[in-house]
Amino acid sequence: MGNETNTVAGAMAGAGESLMENASEFLGFLKPYLTWEFLFKAIGLLILAIVLRLLYKLALKAVNRIPAAKTTPQRTMLIQKFLKYLFFTILGLFVLSFFGIKLSAIWGAAGIAGIAIGFAAQTSVSNLISGIFVLTEGTLKVGDTIIVGDVTGIVDSVNLLSVRVHTFDNQMVRLPNSTVLNSNLTNNSYFKVRRITISVSVAYPTDLEKALAVLQTVAARCPHVEPDPASTVWLNSFDESGIEFVVAAWFKPENFLAAKNELFINIKKTLDESGIEIPYNKLDVKIINE
C-alpha cells in the first residue's frame, strides 16, 4: 500500500513539474509581447482591420449598386471575388508585418515555389488567362444556352478556370476556359430573337402563288412567333417529288421548342384546310384482271 502511495505521489509531482515547465516556457514566449508598445501596436492593428473591413463592405455595396444594364452577373461576381482576395491579402500582409516577419523572405520563397508550380500547372495557368478573356469578352453569361464542341447546355456559372453548364438531360459538364476560348462557341441566347427555318414541300400540280399566300399566314397562328421581325416564306427548289418552300419565323430563345412545335402543327393544318397536298412516297398497285 505504501509503495502504491509513493508511486502516485511521484507521478503527481512529475506532472506538476512538467506543467510548471510548460507554463514557464509559455510565459517566456509571451514576455516579449507583454509590453505597452506591443499593446498599442495590437490596438492599431485591430483598428486597421476594422477600417479595412468597412472599406471592403462599402466597396461591395458600390458594386452591387451598379445597374444591371452596365454589367453582367459574372462580371459582378469577378469584382466581388477580387475585392475579397484583395482584402484578405492586405490584412495578411499587415499581420505578418506586425509579428516582425520579413516580407522579402516570403517573396523570395514564393518566387522559387512559383517557378516550380508554374511548370507543374501550365494547364491551370492557361485556363486562368483564358478565363479572364471569357469574362471580359461578354460572349456568354449565366442562363445562356451554348454549344461548345459536342456539348450543348445552359450556363450555370462562369469562373476563372472553367465554365459549368448543365445539359438538357440534366448532366453537369465542366468546360475548361481554354477549351471555350479555343473552340467555336455558339451562343443561342446571345441575341434577343432567333430565326427558325422549316422546309415544306407541295405537290407539283399545286398553284404556287396560292401555296405561297397560304404559307404566309402560318406565323400569325403561332402565339410564340414574334411579329417583329416579320416572318417570311420563299420558294427554294424543285425536288424529285415536290416543290420546296421555306418558312422562316422569329422567336425568343426561351420559346424555341414551343415556336417550333406551333409552326409544324400549323403548317400541316393550314395546308390541309386549303386542300394543298404535302407529297410523300407512295406505292400505287394496279391489278389487271385478264
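## A guided tour, from hairpin to aromatic pairs

Begin by selecting strand E7 (residues 232-238) together with E8, two strands that run antiparallel and are joined by six bridges. The coordinates on screen belong to a predicted model, and every stop below should be read with that in mind. Follow the chain from E7 into E8 and you will pass through four residues, since the two strands form a hairpin with that many residues between them. For one rung of this ladder, pick Phe-238, whose bridge partner in E8 is Ile-243.

Keep E8 selected, and add strand E6 (194-202), helix H7 (208-215) and H8; these elements, with strand E8 (243-251) itself, each supply at least two residues of the largest nonpolar core. The core has 22 residues, and those that touch the most other members are Val-200, Leu-215, Phe-245, Leu-263, Ile-267 and Leu-271. E8 makes the largest contribution, giving five residues. In soluble globular proteins, nonpolar side chains tend to be buried together.

To see how this core is knit, centre the view on Leu-215 and display its surroundings: leaving out residues up to four places away in sequence, Leu-215 touches Val-200, Val-233, Phe-245, Val-247, Ile-267 and Leu-271. A second core, separate from this one, consists of 12 residues, among them Val-134, Ile-146, Val-163 and Val-165, and the tour will come back to Val-163 shortly.

Before leaving this region, select Asn-266, which has its place in helix H8 (residues 256-273). Is Asn-266 buried or exposed? Its relative accessible area is 10%, and because buried means under 20%, Asn-266 counts as buried. Apart from neighbours within four places in sequence, Asn-266 is in contact with Val-218, Arg-221 and Cys-222, so show these residues as sticks alongside Asn-266.

Now move to the open sheet, where five strands lie in the order E4-E3-E2-E1-E5 with antiparallel pairing. At its edges are strand E4 (172-176) and strand E5 (185-187), each of which pairs on one side only. If you look along the sheet, neighbouring strands are turned against each other by 40° on average, with direction ignored. Zoom in on strand E3 (residues 162-167) and E4, which run antiparallel and are joined by five bridges; here Val-163 has Leu-175 in E4 as its bridge partner. Val-163 is also the residue already met as a member of the second core.

From the sheet, go to Phe-133 in helix H5 (residues 122-137). Phe-133 is partly exposed, at 45% relative accessibility. Draw a distance from its C-alpha to that of Leu-160: the two residues are 27 apart in sequence, and their C-alpha atoms are 9.5 Å apart in space.

The last stop concerns aromatic rings, of which the model contains three pairs. Tyr-190 and Phe-191 form one that is edge-to-face, with 5.0 Å from centre to centre and 85° between the planes. Within this pair, Tyr-190 is partly exposed at 46% relative accessibility, while Phe-191 is exposed, with a relative accessible area of 60%. Next select Phe-251 and Phe-256, whose ring centres are 5.6 Å apart and whose planes stand at 45°, so that the pair counts as tilted. Of these two residues, Phe-251 is buried, with a relative accessible area of 1%, whereas Phe-256 is partly exposed, with a value of 27%.

Terms used: Residues numbered from 1 in each chain as written. Predicted model: local features only at pLDDT ≥ 70, side-chain atom pairs only at ≥ 80, totals over all residues. Heavy atoms only, no water. Phe/Tyr/Trp six-rings, centres within 6.5 Å; stacked < 30°, edge-to-face > 60°. Buried < 20%, exposed > 50% of the residue type's maximum accessible area, 1.4 Å probe, protein only. Contact = heavy atoms within 4.5 Å. Core = buried A, V, L, I, M, F, W, Y, C linked by side-chain atoms within 4.5 Å. Pairing = 2+ DSSP bridges. Axes fitted to C-alpha atoms, helices over the stretch in contact; angles between N-to-C directions.
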